[in-house]
Amino acid sequence: MVRVFSGIQPSGDLQLGNYLGALRRFAREQDDADSIFCIVDLHAITVPQDPVELRARTIQTANLYLASGIDPERATLFVQSHVAAHTELAWLMECTASFGELSRMTQFKEKSDRRDFVSGALFTYPALMAADILLYDTHRVPVGDDQRQHLELTRDVAMRFNSRYGDTFVVPEAAIPKAAARVMDLQTPTNKMSKSADSPQGTVSMLDEPKAIEKKFKRAVTDNDAEVHYDPETKPGVSNLLSILGACTDRDPEVVAGDYTQYGPLKADAAAAVIELLAPVQARFAELAADPDATAELLAISAERAREMAAPVLTRAHEAIGLLPRR
Ligand code: TRP
C-alpha cells in the first residue's frame, strides 16, 4: 500500500481551503493509502511561540483532523515531538544537506526577513522536514506549492545519502494539488486562502459561525461585468465562488456556472453550501473539544505506532552512516 505522509503546523485555525483541499480528501482516501498525519510542533517553535497557546493549538489541530473524519484506527495522527526519532534523524539530515542548499530556501529568506530574532533552527528547518518524511519510507507527500522546494531538497538529500552510504531511504514524490483545486481568498482572489491574509474577511475558518460565513460570501470580491462563467484568469473572484460551490457539492465549476446568471444567488448558494458542509464537522469538533483527555489518549496511541514504524528506519540510517550499533 502507498505510504502517504503529511505534516501540518499546529496553527489551531484551519481554513475552508485546508478542509476542501486536504482534510476532506485525506478522510476519503484513508482506505486507499497508509496515511500518516503529523502535527509538527517542533517546526512551529523555529519561531517564538507562546507556550500556553502552542499547547492549545496542538490539541485544536488534532481535533480538527478528527472532526474532519480522520479515523485514528485507520490512519496515524500524532504529534512530532512525541516521537524522538524525528529529531534524531534530523541531525543526520543536517549532516547530509549542504549549507548552500539550505541557503537557497525561499521560505527561510521570507521568514527571516526583517525579524529581530532568527533561530538557527529556522535555517535547518528543511532537514527536520526531510527527517519527518524519510523516517516512514514515505512514497507520497501531499503539500501546497509553497513546500515544493522543501520536497525537492528532501529528495536530493535522500538520494545523496543513498549514494554515499548505500540504499537506505525511499525517495518520496510530491503530490501538489492542481491550481483549480485551490481555494482562493474571498477578498483577493488571486491569492490562496490563508490565515496570514491581509484581511480576515477573505478567509473562512473551519470554525466560523454560519452568520460570519454568510457575511464573508456576501462581501466576496467579484467583478463588474456581471456575467457568470468559469475563467480563473479573467474572472478570479467569480471562478473561486464557482469552485467552492462545486467542491462542496462535488460538481465541476463549469457545470455550476450554468445554473447562474447573477452574482447574488451564486454567493448565497456558495455560503449555504459551505455552512452545510461544515456543520457536521463543527458539531463533532465541539464534542471533541469538550474532552481533551480523550484526544490526548488517541495521540498517545498513534505516537506509539509511529515510534514502531520509525525505529527500524532510524537504525538503518545510523548503521549506514557508521554510527556504532546500540546494544
Ligand atoms: N513545512 C510544512 C509547512 O509549513 C510542514 C511540514 C513539516 C511538512 N514536516 C512536513 C509537510 C513533512 C509535509 C511533510 O506546511
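## Cavities and nonpolar cores

The second largest cavity has a volume of about 50 Å³. This is a predicted model, in which local features need pLDDT of at least 70 and side-chain atom pairs count only at pLDDT 80 or more, while totals for chains, interfaces and linings use all residues. Residues are numbered from 1 along each chain as its sequence is written, and side-chain values use heavy atoms, without hydrogens and water.

A cavity is a set of points on a 1 Å grid where a 1.4 Å probe fits but cannot get out, and lining residues have an atom within 4 Å of a point. The structure holds three cavities of 30 Å³ or more.

| Cavity | Volume | Lining residues |
|---|---|---|
| Largest | about 90 Å³ | Val4, Arg25, Phe26, Glu29, Ala33, Ser35, Phe37, Arg140, Pro142 |
| Second largest | about 50 Å³ | Met105, Gln107, Phe108, Lys111, Leu122, Tyr125, Pro126, His150 |

The lining of the largest cavity has five nonpolar, one polar and three charged residues; that of the second largest cavity has five nonpolar, two polar and one charged.

The largest nonpolar core (buried nonpolar residues, under 20% relative accessible area with a 1.4 Å probe, joined through side-chain atoms within 4.5 Å) has 51 residues. Tyr65, Phe217, Ile244 and Val274 have the most contacts inside this core. Leaving aside neighbours within four places in sequence, Phe217 is in contact (heavy atoms within 4.5 Å) with Leu16, Leu186, Val204, Leu241, Ile244, Lys267, Ala270, Ala271 and Val274. Another core lies apart from the largest one and has 43 residues, among them Val40, Ala127, Leu151 and Phe161.

How values were computed
Buried means under 20% relative accessible area, exposed over 50%, partly exposed in between (1.4 Å probe, protein chains only). On a 1 Å grid over the protein atoms alone, a cavity is a set of points where a 1.4 Å probe fits but cannot get out, and a pocket is an open set with protein on both sides within 12 Å along at least five of seven lines; lining residues have an atom within 4 Å of a point. Grid points are joined across faces, edges and corners, and a volume is the space filled by probe spheres set on the points. Ala, Val, Leu, Ile, Met, Phe, Trp, Tyr, Cys and Pro count as nonpolar, Asp, Glu, Lys and Arg as charged, and the others, Gly among them, as polar.
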